[in-house]
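Biologist: Please take me through this structure one question at a time. Give the reasoning first and the value or name last.

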Amino acid sequence: MTKLINLNVFKDFFQSSNAGGILLFICVILSMVLANTDFAVPLQNILDHPLGFENESIHLRYPVLLWVNDGLMAIFFLLVGLEIKREIVEGELSSPQKASLPILCAIGGAIVPALVYLSFNAGQETASGWGIPMATDIAFALAVINLLGNRIPSSLKIFLAALAIVDDLIAILVIAFFYSSGIETTYLLYAAIGLVILLIMNRMNVLNPYLYLIPGVFIWYFVHHSGIHATIAGVLVAMTIPTNDTDVESPLERLEHALTKPVNFLIIPLFAFANTNITLEHEMVAGLTSSLGLGISLGLLLGKPVGILLTSFLCTKLKISSLPESATWRHILGVGLLAGIGFTMSIFIAILSFGDPLHISEAKLSILVTSLLAGIIGYLALRSNKTYPN
C-alpha cells in the first residue's frame, strides 16, 4: 500500500503567524548565496529582463526588478494601508492622542539619523547621502516583529506599522524633492482625478472592494510616471475603501483578508529575493569603517532608536500623545531598533545619492550589515517570557 505524504506539516507552517517571516529570511539568504556564486550573472539578467509593452501613449515596459519593487510592492502597501485605516476607524489609532505618536516618532526617527550621517560626512563628497539612514524597510521590520507573536502587545505591531508607513512617506517625499530630476504635475493631476473618483464611489456607498481596484490601477500608473515612488498609490487607494466600526464585515476587511496570504507568502518573499542579490567585494568591506559607512550604520542603529525614544518621551511628558496600550519604554526602544532596518528604501536612496560605483557598493554593504544587526538586537530587546492577549 502506497503511503501518502503527510501534508499537515505544510498546512501548519503556512497557518503559523511566523511562517511569512521565516519564508522571507530564507529568500534573503538564498538570494545572497546565489549572488556570490556562478548564478549571479544569470540571476541579474533575469531581474534586468524587460517585461510589458509600450507605444506612443502607454509606457509599461520595465525590468522584472522594477515590476517587483514598484508593482507588487504597491499591493503590499495597499494591504498595510487597509490595516492602518481599520485601526484609525476602530482600533489603536482611533483617537488623535494615539495616532499622533507614530506620526511624530516617524518624523523624529527621520531627522536624527540624517543629522548623525551629516556629522560624519558634512563637507565631503558623500554628504549627499544624508537621506540613506532616514528610511525604514516596512516589510522586513514587520516580518521581525511578527516573529514575536504574542510576546509583545498587538498595539505595538500597529504602532510600528503606522510609524513605518509615515517613515516611508517621508522617504518618498525626500526622494521626490531632493533626489528626483523633477515631478510631472500633469500625471499627478491625473492621479488626483482618479482619487476623486474613488472618494465619490465611497460616498455613493459602493460596497464591492474590487471595484475600487480598477481606478486604483490607473492611479498607480499615473503616480509611477509622476516621478513619485509608485507604492504610495497603494496607500492612497486603501484610504478610500469603506469600512465601519461594527461587527459586520466591511469591504475593507474583505479585501484585507483576501490579500493577506498572497502578500505574506508571495509578494514579500519575492521582493526580498529580488533585492538582496548583493555580490560582496573586498572594497565594500573596507567601506564599513569609512565616514560613509559609519554615517549609515550609526544613523540607522543609533539615530533611529534615539530619535524615536526622544520623540516618544517628549510627546508623553507634554501630554501630546500616550504610549500604545500595554507598551513599555523597553518596547519603544525595541521598535526604534527595528526601525533601523533600512534595507531596500535605503539602498534605493544610496543609488540615487552617488555617481561613484564604489560609494554605492560601500553603502549597500553598510545598509545590509546594519539592517541585520538592527533586526537581531531589536528582536532580542522585544523578546520576553511574558505573553499578551492578541
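Biologist: Which residues does phenylalanine 53 touch, not counting residues up to four places away in sequence?

Modeller: This is a predicted model. Phenylalanine 53 is found in strand S1, which covers residues 50–54. Leaving out residues up to four places away in sequence, phenylalanine 53 touches Ile58, His59, Leu60 and Arg61.

Biologist: Is phenylalanine 53 buried, partly exposed or exposed?

Modeller: Buried stands for under 20% relative accessible area and exposed for over 50%, with partly exposed in between. Phenylalanine 53 has 49% relative accessibility, so the class is partly exposed.

Biologist: How many helices and strands does the protein chain have?

Modeller: Strand S1 spans residues 50–54, and helix H4 spans residues 64–90. The count for the protein chain is 16 helices and 2 strands.

Biologist: What is the reach of helix H4 from its first C-alpha to its last?

Modeller: Helix H4 has 27 residues, and at 1.5 Å a residue the expected span is 39 Å. The model comes close to that expected value, with a reach of 38 Å.

Biologist: Where is the kink in H4 centred?

Modeller: H4 runs over residues 64–90. The kink in H4 is about 35°, and the residue at its centre is methionine 73.

Biologist: Which residues does histidine 224 touch, not counting residues up to four places away in sequence?

Modeller: Histidine 224 lies in helix H9, residues 213–226. With 14% relative accessibility, histidine 224 counts as buried. Apart from residues up to four places away in sequence, histidine 224 touches Tyr62, Leu66, Asp70 and Ala230.

Biologist: How many salt bridges does the structure hold?

Modeller: Side chains of opposite charge can pair when their charged atoms come close. One salt bridge joins glutamate 256 and arginine 86, and another joins lysine 304 and aspartate 167. The total for the structure is 2.

Biologist: How far apart in sequence are the parts tied together by glutamate 256 and arginine 86?

Modeller: The closest N and O atoms of glutamate 256 and arginine 86 are 2.6 Å apart. Glutamate 256 lies in helix H11 (residues 251–275) and arginine 86 in helix H4, so the parts tied together are separated in sequence by 170 residues.

Biologist: What is the relative accessibility of glutamate 256?

Modeller: The cut-off for buried is under 20% relative accessible area. Glutamate 256 counts as buried because its relative accessibility is 7%.

Biologist: What is the N to O distance in the salt bridge of lysine 304 and aspartate 167?

Modeller: Lysine 304 and aspartate 167 are both buried. Their side chains meet in a salt bridge with an N to O distance of 2.4 Å.

Biologist: Which residues does threonine 126 contact, leaving aside its neighbours within four places in sequence?

Modeller: Threonine 126 lies in the loop between helix H5 (96–121) and helix H6 (138–147). At 5% relative accessibility, threonine 126 counts as buried. Threonine 126 and serine 291 are 165 residues apart in sequence, with 8.4 Å from C-alpha to C-alpha. Beyond neighbours within four places, threonine 126 is in contact with Tyr117, Asn121, Ser291, Leu292, Phe354 and His359.

Biologist: How far apart in space are threonine 279 and leucine 309?

Modeller: Threonine 279 is found in the loop between H11 and helix H12 (282–286). Threonine 279 and leucine 309 are 30 residues apart in sequence, and their C-alpha to C-alpha distance is 35 Å.

Biologist: What is the phi of lysine 319 near?

Modeller: Most residues other than glycine have a negative phi. Lysine 319 lies in the loop between H13 and helix H14 (329–338), and at 69% relative accessibility lysine 319 counts as exposed. Lysine 319 has a positive phi, near 60°.

Biologist: And what is the phi of serine 326 near?

Modeller: Serine 326 is placed in the loop between H13 and H14. With a relative accessible area of 45%, serine 326 is partly exposed. Its phi is positive, near 70°.

Biologist: What radius of gyration does the protein chain have?

Modeller: A compact globule of 390 residues would have a radius of gyration near 21 Å. The protein chain agrees with that, at 21 Å.

Key
Residues numbered from 1 in each chain as written. Predicted model: local features only at pLDDT ≥ 70, side-chain atom pairs only at ≥ 80, totals over all residues. Heavy atoms only, no water. Helix = DSSP H or I, 4+ residues; strand = E, 2+ residues; numbered from the N terminus. Buried < 20%, exposed > 50% of the residue type's maximum accessible area, 1.4 Å probe, protein only. Contact = heavy atoms within 4.5 Å. Expected span 1.5 Å × (residues − 1). Bend = angle between axes of the 7 residues up to and from the residue. Salt bridge = Lys/Arg side-chain N within 4 Å of Asp/Glu carboxyl O. Rg over C-alpha atoms; globule rule 2.2 N^0.38 Å.
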